[in-house]
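Q: Could you pick one part of this model and take me through it slowly? I'd like to follow the backbone, the side chains and whatever packs around them.

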Amino acid sequence: MILVTGATGAVGREVAALLAAAGPVRILARRPDRVTVRGDGVEVVEGAYGDRPALDRALRGVDSLFLVTNSPTEPDDERVAEAAHAAGVRHLVKLSMMAVEEPGADDFITRRQRENEEAIRESGIAWTFVRPRTFMSNTLSWAPGIRSAGVVRALYGDAPVACVDPRDVAAVAVAVLTGTGHEGRAYAVSGPEAITAREQTAQLSLALGRPLRFEELGLDAARAALLAKYPRPVAEAFLESAERQRAGAKAAVVPTVQELTGRGARTYRTWSADHADAFAAG
């Protein structure tokens, strides 16, 4: 039995769907009504990381676990690792981030993920870390501006990033969860090319069949927009990450998707065509 957390998120949802297509899977969810992966072999356990009895129920009889960090401030990874060790889970696969292995990354979120990885290393469970670059699906945040005005507004329009399709990250995670020899390893996962926000805007325009305009946000405007959605440490972490991207720190492409799944990583052009409906005017 494999337990999947984060199954209402971009990667966890895809991991659960891939596993459910091949056999039984269990899902831990705070809001079971939001879980879209269903079927005869899908079991959903209601509970949160801070609810130890719910964790114990979800982990009973589980061999492998896919862990998605929920909160940047709560010790969720430590809680799950402790419960998993007590339940006899043999392999924990954690969704992390590529920045943790980059010395120049020292923002709040990256530091927390490093701490989370260390807690898992010390838990006594065999582990694997899946460390993706920025998700292509992050550009779904542009949808309201595209629908209302045909405009993409973002910080640093010419900063390249080797962003990755969450479906490819999920495929890597499933290969690790169902394969052998991955314990004690960390896999960086990128898309097949480095692409800028201006280039993404152009590709979305092609996918939608209508012109889009890119407007670069100033730093103050970007900060204000982030602070409207996130606590200050998280907002500042995003801004620090954007500065690293502008400096070229996120442009490297790695072949992990090809090596672990046997097929190439999807391009942003493919992702945008597959998700065009999310940007289309209502």
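A: A quick term before we dig in: contact here means heavy atoms within 4.5 Å of each other. Keep in mind, too, that this is a predicted model.

Let's start with helix α3, which runs over residues 76–87. Its twelve residues reach 16 Å from the first C-alpha to the last, close to the 16 Å expected at 1.5 Å a residue. Tucked away along α3 are the buried residues D76, D77, V80, A81, A83 and A84. What covers them? The cover includes two helices, α2 (52–59) and α4 (108–121), along with two strands, β4 (64–68) and β5 (91–95). Step just past the end of α3 and you meet G88, with a positive phi of about 85 degrees.

From α4, one of the elements covering α3, we can move on to rings. R121, the last residue in the range of α4, has its charged end over the ring of W127, 5.2 Å from the ring centre. R246 does likewise with Y156: its charged end sits over that ring, 4.3 Å from the centre.

Now for rings paired with rings. The model has four aromatic pairs. One of them is Y230 with F238, edge-to-face, with 5.1 Å between centres and 70 degrees between planes. Y230 counts as partly exposed because its relative accessibility is 31%, and F238 also counts as partly exposed, at 33%. Another pair, Y268 with W271, is stacked, at 5.5 Å centre to centre and 25 degrees between the planes.

That stacked pair takes us into helix α11 (residues 268–274), where Y268 and W271 lie three residues apart, about one turn of the helix. Y268 is buried because its relative accessibility is 1%, under the 20% cut-off. W271 is buried as well, with a relative accessible area of 1%. Add F279 and you have one aromatic cluster with Y268 and W271.

While we're in α11, have a look at S272, which sits in that helix too. S272 counts as buried because its relative accessibility is 1%. A polar atom of the S272 side chain lies 2.9 Å from the backbone oxygen of R269. Leaving aside neighbours within four places in sequence, S272 is in contact with Q203, L204 and A207.

Definitions and conventions. Residues are numbered from 1 along each chain as its sequence is written. This is a predicted model: local features need pLDDT of at least 70, side-chain atom pairs count only at pLDDT 80 or more; totals for chains, interfaces and linings use all residues. Side-chain values use heavy atoms; hydrogens and water are left out. Helices (H or I, at least four residues) and strands (E, at least two) are DSSP runs, numbered from the N terminus. The expected span of a helix is 1.5 Å times one less than its number of residues. Buried means under 20% relative accessible area, exposed over 50%, partly exposed in between (1.4 Å probe, protein chains only). Rings of Phe, Tyr and Trp (its six-membered ring) pair if their centres lie within 6.5 Å; planes under 30 degrees apart count as stacked, over 60 as edge-to-face and the rest as tilted. A charge sits over a ring if NZ of Lys or CZ of Arg is within 6 Å of the ring centre and within 35 degrees of the ring normal. A polar contact is a pair of N or O atoms within 3.5 Å; within protein, one must be able to donate a hydrogen and the other to accept it, and residues adjacent in sequence count only if both atoms are side-chain atoms.
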